[in-house]
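Below is a walk through one protein model and the ligands placed with it. Please keep the sequence and the coordinates in view while reading.

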Amino acid sequence: MSETNNLHMVPWKLVGDWSCKFCGKCCINHRIPLLFEEYARIEPRYGPRSVEPGEKCFYIRLLRDGRCFFLRRQGEKYLCRIHNEKPYVCRMFPFRILSSPKYGDEALSKLQYDNEVFYVYLNAECSGIVLGSPSKKFVEETLPEFVRLYEAYVEKIFAKKIVEKQSLLKTA
Ligand code: SF4
Ligand code: SF4
């Protein structure tokens, strides 16, 4: 999702728990970049109007009022029409996992997982964040789930860069 300057990030050690409340905030005025494989899956299935080109990749189309093309309202909840196949960037929200403490609070954001160090923040815009002392479930289930998701995403980006490099070498 594209970031704004007034982005407020909460380090994970200040978060007691998190669960999605289907408020839809992350689906309004957020541009969602797509991996090529996501674009190749979504565009043929939902048509050219579902995506829009950007400088380096395709994005999910934002409608004029800022809503994502796939957002739909059901009663009080906002749901994703492609929930089971939504892009990595959507699946990772509101977690932001980094290899350096980009948003400060180094000690509060540091996470040791599988012999690796990450810095984990949550986007304060999300309605599902409960501030407090991290619960057992948050530490043992939620955080590892999102770190694994992040690692899978990074692997895909890394693989794409290698393929690009190889094709550049081939054409050199
Ligand atoms: S902002 Fe948070 S609570 Fe709201 S839909 Fe997105 S992830 Fe769920
Ligand atoms: S694809 Fe789904 S989860 Fe992602 S922004 Fe659109 S409606 Fe929200």
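The paragraphs below go from the overall make-up to one strand, then to the ligand shells and some backbone details.

The model is predicted. The protein chain contains 4 helices and 10 strands, and their order from the N terminus is β-β-α-β-β-β-β-α-β-α-β-β-β-α. Of its 172 residues, 23% count as buried. If contacts are taken between residues at least 6 apart in sequence, 71% of them link residues at least 24 apart.

Strand 9 is a useful place to start. This strand covers residues 116-123, and 6 of its 8 residues are buried, so that it is mostly covered. Strand 9 pairs with strand 1, residues 9-11, in the antiparallel sense over 3 bridges. Within that pairing, M9 has N123 as its bridge partner. Strand 7 also runs antiparallel to strand 9, and 4 bridges join the two; here F95 stands opposite L122. A further antiparallel pairing, again over 4 bridges, is made with strand 8, residues 110-113. In this pairing Q112 faces V117 as its opposite residue in strand 9, and Y113 stands opposite E116.

Strands 8 and 9 form a hairpin with 2 residues between them. In the turn, D114 has a positive phi of about 55°. N115, in the loop between strand 8 and strand 9, is not a glycine either, yet its phi is positive at about 65°. Is N115 buried or exposed? N115 counts as exposed because 5 other C-beta atoms lie within 10 Å, and the limit for that class is 12 or fewer.

Most residues other than glycine have a negative phi, and most peptide bonds are trans. Another exception in phi is N29, with a value near 60°. N29 belongs to the loop between strand 2 (15-18) and helix 1 (36-46). With 15 other C-beta atoms within 10 Å, N29 is partly exposed.

The peptide bond from F93 to P94 is an exception of the other kind: this bond is cis, with omega near 5°. P94 sits in the loop between helix 2 (88-92) and strand 7 (95-98). Why does P94 count as buried? P94 has 22 C-beta neighbours inside 10 Å, and a residue is buried if there are 20 or more. Apart from neighbours within four places in sequence, P94 contacts C26, L122, N123, E125, C126 and I129. C26 is 68 residues away from P94 along the chain, yet their C-alpha atoms are separated by 8.0 Å.

Both F93 and P94 belong to the shell around ligand 1. This shell also includes C20, K21, F22, C23, G24, K25 and C26, together with C126, S127 and G128. By class, the residues around ligand 1 divide into 7 nonpolar, 3 polar and 2 charged.

Which residues surround ligand 2? They are C27, I32, I60, C68, F70, L71, C80, I82, K86 and C90. The shell of ligand 2 has 9 nonpolar residues, no polar ones and 1 charged residue.

P94 thus links several parts of this account, because it is a buried residue that follows a cis peptide bond, contacts L122 and N123, and lies in the shell of ligand 1.

Technical notes: Residues are numbered from 1 along each chain as its sequence is written. Chains are lettered from A and ligands numbered from 1 in the order in which they are written. This is a predicted model: local features need pLDDT of at least 70, side-chain atom pairs count only at pLDDT 80 or more; totals for chains, interfaces and linings use all residues. A residue is near a molecule or strand if its C-beta atom, placed from the backbone, lies within 6 Å of it. Ala, Val, Leu, Ile, Met, Phe, Trp, Tyr, Cys and Pro count as nonpolar, Asp, Glu, Lys and Arg as charged, and the others, Gly among them, as polar. Two residues are in contact if their C-beta atoms, placed from the backbone, lie within 7 Å. Two strands pair if DSSP finds at least two bridges between them.
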